[in-house]
Amino acid sequence: MLPIHAIRNELSAVLKRSRRIILTAPTGSGKSTQVPQMLLDLGALGNGKCVVLQPRRLATRLLAKRVAEERNTALGGKVGYQIRLESVCGPDTRIHFETEGILLRQMLSQPDLPGVAAILFDEFHERHVYGDVTLAQALQLQKTKRPDLLLIVMSATLDTRLLLPYLDPCEHIHSEGRTFPVEIEHLVKPLHPDRDTPWEAAAEAYEHAARKGKNPGDTLIFMPGAYEIQRTVEALRQTDAAKGTLILPLHGELPPPEQDAAVARYDRKKIVVATNVAETSLTIEGIRLVIDSGLARVARFDPWRGINTLLIENISRAAADQRAGRAGRTAPGLAIRLWTEQEHAGRAAHDLPEIKRIDPAEIILTLKALGVRDLAAWPWLEPPEPRALERALSLLRDLGALDTAGAPTPLGRRMLSFPVHPRYARMLLAAGERGAVRPVALIAAIAQGRPLLVRRAGKAADEQRRDLLGDAGGSDLLVLMRAWNYARQHRFDLDRCRRLGIHAAAARQVGPLWDHFLRIAESQNLPIESSPPEDAEIAKCVLAGFSDQVARRLDCGSLRCELVHGRRGELARESIADEAALLVANEIREIGRGDGEISVLLTQATAIRPEWLRELYPEDFSERIAVVWDAAAKRAVARLEIVFRDLALDSRLVEPPPTEESARLLAGAVLSGECTLKAWDRAVDQWIARVNLLAKACPDWELPAYGETERELLIQQICHGAVSYKEIKDRPVLHAVKSLLSPAQIAQVEKHAPERVLLANGRSVKVQYLDTAEPYISARIQELFGVASLPALAQGRMPLVIHILAPNQRPVQITKDLSGFWRDHYPRIRQELRRKYPKHEWK
DNA sequence: GAGCACTGC
């Protein structure tokens, strides 16, 4: 008998007096399968049905199957399920398992939910957006038109302090689970952020457990990503304790056979080193020891810049408990946490809900269509960040989905018929006007699923891809389409797909979704063309959905780009749009690499022409596409500006000794991301080569020839505080520089101690200051970070080097995008150069 | 010498 049955009588009693119930019970208690049946058997459903919301498709299907078996009925009869594109249910279905999202879409067409007697929100602690919003909407429905509607929120580790008042009046039922005790060990001394690595700490923890005989079964190690997993596997191989033990990596990017290998059972011990997949999606049997790095890569939407981020963060206490619980599924276990008890107390109790982290545009449009006028007054369980809300509203207005008063337009309502982000919905509607519905629907279908192409497929796959898929008109989206067509032609054959670096499983899911979108397009009276459109027409559709993600390449020597709204990024190396000066990127993502550096990557890019922008946005061409100018007229100027920048950066060499002015320019360059220290290693050489080339090409410019000056340059920069000595002292490439600095010089730089500043948007920065305030820089900083003021700015000090701190308090980046700085100051630099080089003919 | 967690309509 399952532990959950112990609460049957209590549930029965509570049902008589309450329509809102919170039910907490640990994993494995059987609540997902038993509670719906209890409701049915207790007659709590009347003639209606109970909808059980699940966060994952696989679980939805499996739970429905098990309950159907337990009740001896056919699946799709009394017990059924529904997930996207798959509905196994009928008019008799009383227990209806659904993925979150299905019900919300039903509410769009049937707001009163006829026939639904109860809604069960399972695994609610995961706090996905659809769960949150469906609960709020159901609650409203219950308060207004459906007082009979029964709402039950179920979870293993629920934040009841938040939910109890939200659902008040509400009953709370708790049931014990069937898990084994898990002993928890913390570190005695915290890991040193610079010296200690999580992978070495994990290997040590394993050795320590093995010495004490505490690894009687299999081991599960949690790491934030593929890079860290690889390092952990290597570190474990160096230990004696892991000799003869299978060491298996597990993360989403691995091909299915390798994922299966990690889950499979063996006749000897294994250590699985995994990402968060093992926390929720996959269950690995026989785990007795968990080693937890306490880290995860967390996707967020940065509403200040309007880009997605994927950075390493500390997991919450609740998530750590969830991870530890994996050691006690079959027998008592041990969990070793790679942080101290004190650090643990300082961690967040729960992870931030999805609504606080993601771009809320799609959900906002849905709510608008549901008739919500005032989003601030709508009963959110937790509202999105005000800035994110603001940005979503302006995006929706920009896409034409909302009018100036914030009400949905007819176009916005049509967009909602497509179950995708409004950007893709807008693309699809544009496709209807341009005879490009088929390819654009395919692009949208590919974009919805798992990544189609393997990221680092290897050299052979790269070459094969190029041979077979070709240049595809300068758009990565067309490459994706060709790759998918190739996979389909070969019936998603695993071997053939792997050779091209195509995820066969991901590819297989695209076809049905494509059909689905085409059917919706038909129902919306979009003409489905019989002959394929020009590539340019597809690109214009992309622009309709992503016009605020237009980027201009800064030069042809690097992949750096300037984006609309003063943002910076780098085009993905594998992009085939790398010949274009102007492009639109469907994805912008800031990524924290394993080594701690951060970069903003532009992926899924499409080459575009300026005249298309003029065609699409005739009335507000120049404001909308701030970085885009008429290429023919401005190309020469653009080239010159790049030269100016180089010269300005090197102006100290043009005219030594360095002035305060040039030091400030350099500081600006560091702040603007022109020269991160990492880039410095590479770029110094490049600059010098470029200036030398320039000197050769333009003899009348009187440029000095550079040779062995980069060391000197660096020393000067360090002395001026333009880069922090501390930051570069450990970099091997720059090691030689260190020996050339006097102790006094070092001391002078180091006295500028960084100051920790907590920002309004939840992140914190460490700022080093010089004792001169620059109003234009402080203005940029305030705009970018969204703070009213940095304390030191008010004291007349100028921020010099900014360390963005990841939530785990490690400095991960030393610069911040302040690209507007340069645009603002080109005229001044130009003037200076004009004075310096009067012989040259300046335009 | 290099860049990435997991879901869902």
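User: In this predicted model, how many nonpolar, polar and charged residues does the surface near DNA strand B have?

Analyst: A residue is near the strand if one of its heavy atoms lies within 4 Å of it. Ala, Val, Leu, Ile, Met, Phe, Trp, Tyr, Cys and Pro count as nonpolar, Asp, Glu, Lys and Arg as charged, and the others, Gly among them, as polar. The model being predicted, totals for linings use all residues, whereas local features need pLDDT of at least 70 and side-chain atom pairs pLDDT 80 or more. Residues are numbered from 1 along each chain as its sequence is written, and the surface near DNA strand B has 13 nonpolar, 11 polar and 14 charged residues.

User: Which base atom of DNA strand B is 3.3 Å from an N or O atom in the side chain of Tyr 130?

Analyst: A polar contact is a pair of N or O atoms within 3.5 Å. Polar side-chain atoms of Thr 99 and Arg 297 lie 2.8 Å and 3.2 Å, respectively, from a phosphate oxygen of DNA strand B. For Tyr 130, in contrast, the partner on the strand is a base nitrogen.

User: What is the angle between the planes of Phe 121 and Phe 124?

Analyst: Rings of Phe, Tyr and Trp (its six-membered ring) pair if their centres lie within 6.5 Å, with planes under 30 degrees apart counting as stacked, over 60 as edge-to-face and the rest as tilted. Phe 121 and Phe 124, 6.1 Å centre to centre, form an edge-to-face pair, and the angle between their planes is 85°.

Terms used:
Chains are lettered from A and ligands numbered from 1 in the order in which they are written. Side-chain values use heavy atoms; hydrogens and water are left out. A polar contact is a pair of N or O atoms within 3.5 Å; within protein, one must be able to donate a hydrogen and the other to accept it, and residues adjacent in sequence count only if both atoms are side-chain atoms.
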